[in-house]
Amino acid sequence: MLNYSTSEENYIKAIFHLQQSDSNVTTNELANELKTKPASVTDMMKKLKVKKLLNYQPYQGFRLTSDGNKVALGIIRRHRLWEYF
């Protein structure tokens, strides 16, 4: 697994949780969830798309790719381990 910044991990984890209830996650939903600006979300979506972790269509929302879902699960597991110890 590649190393991701804390910020990238937070975005990946938030998208993973939000996409469970909706078909696609919107920029505004994610911005509200992470308490940040929609423009910041858009910048990060572009970065995650380049890393092939995200299917992103402007104005249509986004979802994690299968690789993105695997990364998200790894991050969530690691965070749960940290909380445990």
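Buried residues make up 36% of the 85 residues in the chain of this predicted model. The chain exposes about 5,700 Å². Carbon and sulfur atoms supply 52% of that exposed area.

Four helices and two strands form the chain. Their order from the N terminus is α-α-α-β-β-α. The radius of gyration is 12 Å, close to the 12 Å that the globule rule gives for 85 residues, so the chain is as compact as a globular protein of that length. Along its principal axes, the C-alpha trace spans about 40 × 25 × 25 Å. Among contacts with a separation of 6 or more, 53% join residues 24 or more positions apart.

Helix 3 was examined further. This helix covers residues 38-50, 13 residues in all. From first C-alpha to last, helix 3 reaches 19 Å, close to the 18 Å expected at 1.5 Å a residue. Its buried residues are Val41, Met44, Met45 and Leu48. Seen down the helix axis, these buried residues fall within an arc of 110°, so they line one face of helix 3. Ala39 and Val50, on the other side of helix 3, are exposed.

Several elements contribute to the cover over the buried residues of helix 3. Helices are represented by helix 1 (6-18) and helix 2 (27-34). Strand 1 (54-57) and strand 2 (61-64) are also included in this cover. Just after helix 3, Lys52 takes a positive phi of about 60°.

Methods. Residues are numbered from 1 along each chain as its sequence is written. This is a predicted model: local features need pLDDT of at least 70, side-chain atom pairs count only at pLDDT 80 or more; totals for chains, interfaces and linings use all residues. Side-chain values use heavy atoms; hydrogens and water are left out. The expected span of a helix is 1.5 Å times one less than its number of residues. Buried means under 20% relative accessible area, exposed over 50%, partly exposed in between (1.4 Å probe, protein chains only). The arc is that of the directions from the helix axis to the C-beta atoms. Contact means heavy atoms within 4.5 Å. The radius of gyration is taken over C-alpha atoms; the globule rule is 2.2 Å times the number of residues to the power 0.38. Accessible areas come from the Shrake-Rupley method with a 1.4 Å probe; for residues, only the protein chains shown count as cover.
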